[in-house]
Amino acid sequence: CSTDLSSGHVRLARRRCDVCGLQGEPSGPPFPVCGACRIRRYCGPECANADFITHRRSCPGNTGGKGGI
């Protein structure tokens with residue numbers, strides 16, 4: 001079989017929370033991302049808020065000190 005599974009892994013990665021590890025449904029929408037770097041993914045506001053202090057220090061998109069989560 002010559003099926004390329006790499007696109008499936010990308011779809012699943014777009015549905016995994018970087019804080020709690022929650023895996024969303026493969027057919028569901030991708031999880032929201034950090035507004036500054038567009039890299040970190042969050043299942044919801046609780047995980048985004050919990051990660052804010054830590055992530056803003058290392059966020060590649062944070063240029064003004066406030067972050068954009």
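Let me start with residues 1-5, where pLDDT, the predictor's confidence in each residue from 0 to 100, stays under 50, and for which the model has zero contacts (heavy atoms within 4.5 Å) beyond four places in sequence. This is a predicted model, in which local features need pLDDT of at least 70 and side-chain atom pairs count only at pLDDT 80 or more, while totals for chains, interfaces and linings use all residues. Residues are numbered from 1 along each chain as its sequence is written, and side-chain values use heavy atoms, with hydrogens and water left out. The protein averages a pLDDT of 83, and 75% of the residues score at least 70.

Now to helix H2, residues 45-58, with helices taken as DSSP runs of H or I, at least four residues, numbered from the N terminus. H2 has 14 residues and reaches 19 Å from its first C-alpha to its last, close to the 20 Å expected, where the expected span is 1.5 Å times one less than the number of residues. There is nevertheless a kink of about 60° centred on Phe52, the bend being the angle between axes fitted to the seven residues ending there and the seven starting there.

Which residues of H2 are buried? They include Cys47, Ala48 and His55, and also Asp51, at 8% relative accessible area; buried means under 20%, exposed over 50%, and partly exposed in between, with a 1.4 Å probe and protein chains only. Pro45, also in H2, is exposed at 55%.

Finally, Asp51 forms a salt bridge with Arg40, the closest N and O atoms being 3.0 Å apart, a salt bridge being a side-chain nitrogen of Lys or Arg within 4 Å of a carboxyl oxygen of Asp or Glu.

How values were computed:
Helices (H or I, at least four residues) and strands (E, at least two) are DSSP runs, numbered from the N terminus.
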